[in-house]
Amino acid sequence: MKKFLSILVYSLLLSPSMLLAQVQLKGQVVDGLTREPLIGATILVRETGKGAYSDSAGLFTLSGNQLQDLPVKLLVSYYGYERLEYLVSSLDEIVLNLVPENNSLAEVVVTARRRSEVLQSVPLPVAVIGASKIDQNVAFNVNRIKEFVPSVQLYSSNPRNTTINIRGLGSTFGLTNDGIDPGVGFYVDGVYYARPAATTLDFVDVQQIEVIRGPQGTLYGKNTTAGTFNITTRKPSFVHTQTFEQSFGNYGFIQTKAAVSGPLVGEKLAFRLSTTATFRDGVLYNVRTQKDENTLNNQGIRGQLLFVPRKNIDFTLAGDYNRQRPDGYAAVYAGFTRTQRAEFRQFEQIISDLNYQVPSTNPFDRLIDTDTPWQSNQDMGGVSMQANVNIGKGVLTSTSAWRTWHWDPSNDRDFLGLQALKRSQAPSVHNQWSQEVRFAGEFSPKVSGTMGLFAFYQDLQPKGAHIEEAGSDQWRFIQNNQNPLWQTPGLLDGYGIRTIPAFQNLSAAAFGQIDWNIAPWLTILPGFRVNYDDKAVQFSRTTFGGLATEDPALLALKQAAYRNLAFEADIEDINYSGQITLQSQLHKQVNTFATYSIGFKPVGLNLGGIPTSNGEPDLTLAVVKPERVNHLEWGLKTSPIRNSILNLTVFNTEIQDYQTNVQVADLAVNRGYLANAERVRVRGAELELAYQPTSGLSLNGSLSLTDGRYVSFKNAPVPLEETGGVSFKDISGEELPGISRWAGSAGAEWSTSGKLMGSAGDYFVGVDAFFRSTFSSNPSPSTVLNVPGYALFNSSIGFRAQKGISLFLWSRNLTDTNYFEQLLPAAGNTGHYAGVLGDPRTFGFTVRFHNFQ
């Protein structure tokens with residue numbers, strides 16, 4: 001009886017609180033435009049200080065002790081979105097729609113330091129391109145990013161030969177050599193993409209792109225000397241969402257995008273499936289084949305599964321496949337220059353002797369007559385598994401991934417309708433495996449940071465073999481004397497080289513960075529990295545074809561074009577690097593930081609051939625020394641008035657043993673070879689502005705001043721116009737390639753709320769502009785291979801619905817500006833050069849349907 005009374009009294013005492021605890025308010029926080037769940041939004045009960053955070057599905061629960069007296073007012077906030085006040089008068093489940101703040105960089109959340117932070121508080125120069133900007137620009141890849149972030153440069157004569165740089169540094173300028181690492185990291189949902197070809201594909205279902213400038217070796221698995229692209233895709237949702245988008249434009253442009261997401265098993269398992277397909281006719285015309293060139297033919301698909309077994313654990317399995325089948329990337333004849341060779345070796349005399357005329361001397365007639373098909377077929381895909389486990393006040397993340405890239409090209413590297421180079425192609429298969437484990441969070445009330453381990457392996461094999469093959473006219477281009485034997489019928493026709501460069505790369509690293517709050521206004525951020533690299537190449541090149549002869553004189557002429565070559569190299573290297581940053585925030589609207597870092601780019605191997613000396617290969621050029629980087633940076637991030645930002649960054653980067661790509665007259669290395677310049681320096685300043693004077697008007701702009709020079713390069717190859725004179729030249733003090741001294745972008749958007757066909761949303765008008773000044777398009781500065789400065793203007797107008805139908809018109813290169821992306825000397829340095837043209841004016845319209853349940 002006593003026991004029963006005790007239980008009864010205890011139950012009576014607890015019953016009010018138990019009943020109260022059963023009173024709950026459930027809801028979800030979503031993006032008011034895309035209806036995507038917002039993770040980590042803050043929901044507070046006004047005047048109580050109590051609340052909750054939204055989970056990985058945007059869901060939250062408020063318990064009864066926070067809801068004692070209805071109605072109550074909720075304050076809902078999420079960085080990058082307008083704060084919402086919501087009146088709760090019942091316990092019915094609610095959906096809270098947050099509206100993005102137009103171009104409000106001050107509140108944007110980034111994961112540049114592998115954890116969610118407010119952009120303006122991060123002691124790094126970071127530019128952010130959000131989902132709305134990406135969605136409004138239809139066909140969007142890295143080439144469009146450079147028009148919003150002027151510190152970014154991208155040059156591509158085909159997907160494999162793609163250079164992506166930040167502040168003029170990163171990858172070698174010109175034709176790609178697979179034997180070195182890129183200096184700009186490219187990450188999608190935490191997975192490192194090793195091949196620059198990834199940047200030529202259309203992005204699939206991207207939520208946000210962060211461009212982090214400067215060396216990044218203490219926060220990311222793969223070391224980079226110039227910066228990092230951190231790309232985040234849209235995640236699976238536990239709310240049913242469907243998006244379908246259709247675009248049409250001139251040049252036969254057609255693009256279709258679709259995405260669907262929702263739960264599979266309650267609140268434990270969700271999925272997302274996204275697809276894109278882009279087609280366009282060519283923007284060049286081949287008068288020989290009577291067909292358009294430089295078409296678009298891209299398809300991509302991405303699938304994700306999100307598994308949340310418990311509140312503090314989630315797993316994401318992702319897979320993607322991208323297919324590209326364009327007739328491209330063709331280059332046009334852009335001009336020629338006289339070299340220092342004999343008169344009979346000048347380009348004008350060569351084509352005159354062969355009774356040939358170029359289809360047009362104006363490259364912007366967009367006419368070519370090349371006789372070798374242009375083909376840039378590539379297949380890229382992969383699978384990844386990411387696990388996140390909340391431990392204490394941090395998150396332990398494991399990212400495992402495998403990626404593959406299949407490359408099947410065909411190029412006409414003489415850029416002419418003559419049979420000089422009949423074939424130039426490097427079909428390849430690349431596989432990579434990566435594993436990263438890192439912890440990001442708080443170690444104590446004053447110390448937080450990121451610590452991680454990274455392992456990476458890649459294997460690059462030719463698909464069959466890389467082929468260079470001469471045609472019937474090649475003898476005239478490489479003829480170096482008046483010997484009549486050069487005119488022997490069939491001497492070089494079909495003569496070529498079959499190259500097998502097998503390459504393996506193993507890399508491992510331990511890295512970390514600590515944030516130590518010494519005082520409320522001062523933080524010190526030390527970082528470190530230990531890196532191990534093991535690279536091996538087995539290079540074999542054999543000649544084939546041409547005139548079958550045993551005549552020593554004729555064999556000597558054939559060897560002037562191509563010869564056998566074989567070598568092996570296996571290099572191990574350990575590097576130590578790190579940084580120290582001081583961050584000071586004396587006022588909530590003023591954040592300053594200063595960084596000193598030392599970094600490196602790993603040792604490289606030449607995979608595209610090496611020059612010869614006295615008829616023998618110069619094996620000393622097989623290995624390329626690692627770059628050593630010293631970097632200083634000072635930044636200021638401010639919000640001088642409400643709804644504005646003004647950021648300034650000043651930097652100075654010096655590199656010892658700079659890895660550069662050089663083009664020489666040796667036909668056997670027409671893709672160039674790698675060498676080291678003794679020292680280079682890049683310094684400059686970057687200004688970023690954004691202002692939202694009213695809720696419907698937003699303005700933004702960026703300006704970049706960059707000065708990049710060879711401090712010392714005493715043994716550089718000569719430029720095109722000096723071919724035939726001395727073999728090497730001191731270009732110390734000259735400009736680095738690919739760097740415009742001035743580059744900038746600006747944009748404005750006006751919007752007003754309204755309805756279209758019953759759907760609520762915003763009518764908008766947007767314009768943006770990009771300009772860059774003249775830059776050198778050759779590793780050794782040339783008087784003829786300089787790309788003139790240009791400016792581009794883009795615009796869009798339409799209606800964005802929160803739910804239902806959106807419709808807008810768009811135009812890129814509105815003024816139809818003629819401009820070069822790049823100038824390229826033809827193989828063999830015979831005097832003529834080609835141009836990679838920017839697209840002409842394009843325009844069209846897009847219809848998008850978005851629904852959620």
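Tutor: Rings of Phe, Tyr and Trp (its six-membered ring) pair if their centres lie within 6.5 Å, and planes under 30 degrees apart count as stacked, over 60 as edge-to-face and the rest as tilted. In this predicted model, local features need pLDDT of at least 70 and side-chain atom pairs pLDDT 80 or more, while totals for chains, interfaces and linings use all residues. Residues are numbered from 1 along each chain as its sequence is written, and side-chain values use heavy atoms, without hydrogens and water.

Student: Which residues do ring pairs link into a cluster?

Tutor: The cluster consists of Tyr187, Tyr192, Tyr220, Phe454 and Phe456.

Student: How many aromatic pairs does the rule give, and how do I read one?

Tutor: A pair of aromatic rings is described by the distance of the centres and the angle of the planes. The count here is 23 aromatic pairs. The centres of Tyr155 and Phe775 are 5.6 Å apart and their planes stand at 50 degrees, so this pair is tilted. Because Tyr155 lies in strand β11 and Phe775 in strand β48 (strands are DSSP runs of E, at least two residues, numbered from the N terminus), the pair ties together parts 620 residues apart in sequence. Tyr155 is buried, with a relative accessible area of 1% (buried means under 20%, exposed over 50%, partly exposed in between, with a 1.4 Å probe and protein chains only), and Phe775 is also buried, at 1%. For Tyr192 and Phe456, the centres are 5.6 Å apart and the planes at 80 degrees, so that pair is edge-to-face.

Student: Where in the sequence do Tyr192 and Phe456 lie?

Tutor: Tyr192 belongs to strand β14 and Phe456 to strand β30, so their pair ties together parts 264 residues apart in sequence.

Definitions and conventions. Helices (H or I, at least four residues) and strands (E, at least two) are DSSP runs, numbered from the N terminus.
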